[in-house]
Amino acid sequence: MFYLLKKSFIHSFFLLIIWLSLMAVFVFATVAKTAACPSLAAGDLFKVPNNSAVYLLNANMQRMYFPHSTVFKTWYQDFSSVVEIPTTCVDNYPAPTAPPYGVNYRPGSKLVKVQISPSVYVVEPGNKIAKIGSEAVA
């Protein structure tokens with residue numbers, strides 16, 4: 001009789017330890033996931049750890065990427081306004097479902113030229129280009 005009581009107590013104790021361990025993991029994961037996400041607004045810039053890509057939040061709170069630093073530097077002088085967020089927070093800001101998906105050169109900041117033609121184009125709003133003649137005219 002004493003042996004059965006001792007055995008059931010040991011089993012109950014181990015089940016309690018396992019249950020408490022699982023609850024601790026669940027609570028920790030939930031708190032860590034929700035507490036670490038910063039509040040961002042439209043127009044904010046962000047990146048994630050161990051990745052150089054920078055994203056801009058548009059008016060619909062969707063993330064638009066800068067394809068490279070040259071494009072970024074036509075809009076901003078440095079990276080001081082970029083906020084680093086955990087990767088677990090990225091899904092709070094979905095990618096756009098329709099174009100544009102990324103940020104292009106700031107209108108009026110760049111001239112575009114094709115090597116096989118003397119024509120020169122200026123970048124206009126809406127990611128459009130307009131012919132301005134030649135390099136001499138530019």
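Visitor: Which backbone nitrogen lies 2.9 Å from a polar atom of the side chain of Asn58?
Guide: Bear in mind that this is a predicted model. Asn58 sits in the loop between strand E2 (55-57) and strand E3 (63-65), and its side chain reaches the backbone nitrogen of Asn60 at 2.9 Å. The nitrogen you're after lies 2.9 Å from a polar atom of that side chain, and it belongs to Gln62.

Visitor: Is Asn58 buried or exposed?
Guide: Leave out the neighbours within four places in sequence, and Asn58 is in contact with Ala42, Met64 and Pro96. For the label, the cut-off is what counts: buried means under 20% relative accessible area. Asn58 comes in at 17%, so the call is buried.

Visitor: And Gln62, what is its relative accessibility?
Guide: Gln62 is placed in the loop between E2 and E3. Not counting residues up to four places away in sequence, Gln62 touches Leu56, Leu57, Pro94, Ala95, Pro96 and Thr97. It counts as buried because its relative accessibility is 18%.

Visitor: What separation do the C-alpha atoms of Thr97 and Gln62 have?
Guide: Thr97 belongs to the loop between strand E4 (82-84) and strand E5 (111-113). At 74% relative accessibility, Thr97 counts as exposed, whereas Gln62 counts as buried. Along the chain Thr97 and Gln62 are 35 residues apart, and their C-alpha atoms are separated by 9.0 Å.

Visitor: How far apart in space are Pro99 and Met64, C-alpha to C-alpha?
Guide: Pro99 is another residue of the loop between E4 and E5, and it's exposed, with a relative accessible area of 62%. Met64, for its part, is a member of the largest nonpolar core. The two are 35 residues apart in sequence, and the C-alpha to C-alpha distance is 9.9 Å.

Visitor: Which residues make up the largest nonpolar core?
Guide: In soluble globular proteins, nonpolar side chains tend to be buried together. Here, another core of eight residues, with Leu40, Phe46, Ile85 and Cys89 among them, lies apart from the largest one. The largest core has nine residues: Leu45, Val54, Leu56, Met64, Phe66, Val71, Phe72, Val82 and Val103.

Visitor: Sticking with Val71, which residues is it in contact with, leaving aside neighbours within four places in sequence?
Guide: Val71 is one of the nine residues in the largest nonpolar core. With those sequence neighbours set aside, its contacts are Phe66, Val103, Asn104 and Tyr105.

Visitor: Which side chains meet in a salt bridge?
Guide: The structure holds one salt bridge, with an N to O distance of 3.5 Å. It links distant parts of the chain, 37 residues apart, with one partner in strand E1 (residues 45-47) and the other in strand E4. The side chains are those of Lys47 and Glu84.

Visitor: On to the aromatics: are the rings of Phe46 and Tyr55 stacked or edge-to-face?
Guide: The whole structure has six aromatic pairs. For Phe46 and Tyr55, the ring centres are 5.3 Å apart and the planes are at 25°. Planes under 30 degrees apart count as stacked, so this pair is stacked.

Visitor: What angle do the ring planes of Phe72 and Phe79 make?
Guide: Phe72 counts as buried at 1% relative accessibility, while Phe79 counts as partly exposed at 41%. Both belong to one aromatic cluster, along with Phe66 and Tyr76. The ring centres of Phe72 and Phe79 are 4.4 Å apart, and the pair is stacked because the planes are at 5°.

Visitor: Which cysteines does the disulfide join?
Guide: A search of the whole structure finds one disulfide. One partner lies in the loop between helix H1 (2-35) and E1 and the other in the loop between E4 and E5, so the bond ties together parts that are 52 residues apart in sequence. One partner is partly exposed at 25% and the other is buried at 1%. With S to S at 2.0 Å, the pair is Cys37 and Cys89.

Visitor: What is the handedness of that disulfide, left-handed or right-handed?
Guide: The torsion about the S-S bond of Cys37 and Cys89 decides this one. That torsion is about -95°, so the disulfide is left-handed.

Notes:
Residues numbered from 1 in each chain as written. Predicted model: local features only at pLDDT ≥ 70, side-chain atom pairs only at ≥ 80, totals over all residues. Heavy atoms only, no water. Helix = DSSP H or I, 4+ residues; strand = E, 2+ residues; numbered from the N terminus. Buried < 20%, exposed > 50% of the residue type's maximum accessible area, 1.4 Å probe, protein only. Polar contact = N/O pair within 3.5 Å; in protein donor to acceptor, adjacent residues only side chain to side chain. Contact = heavy atoms within 4.5 Å. Core = buried A, V, L, I, M, F, W, Y, C linked by side-chain atoms within 4.5 Å. Salt bridge = Lys/Arg side-chain N within 4 Å of Asp/Glu carboxyl O. Phe/Tyr/Trp six-rings, centres within 6.5 Å; stacked < 30°, edge-to-face > 60°. Disulfide = S-S within 2.5 Å.
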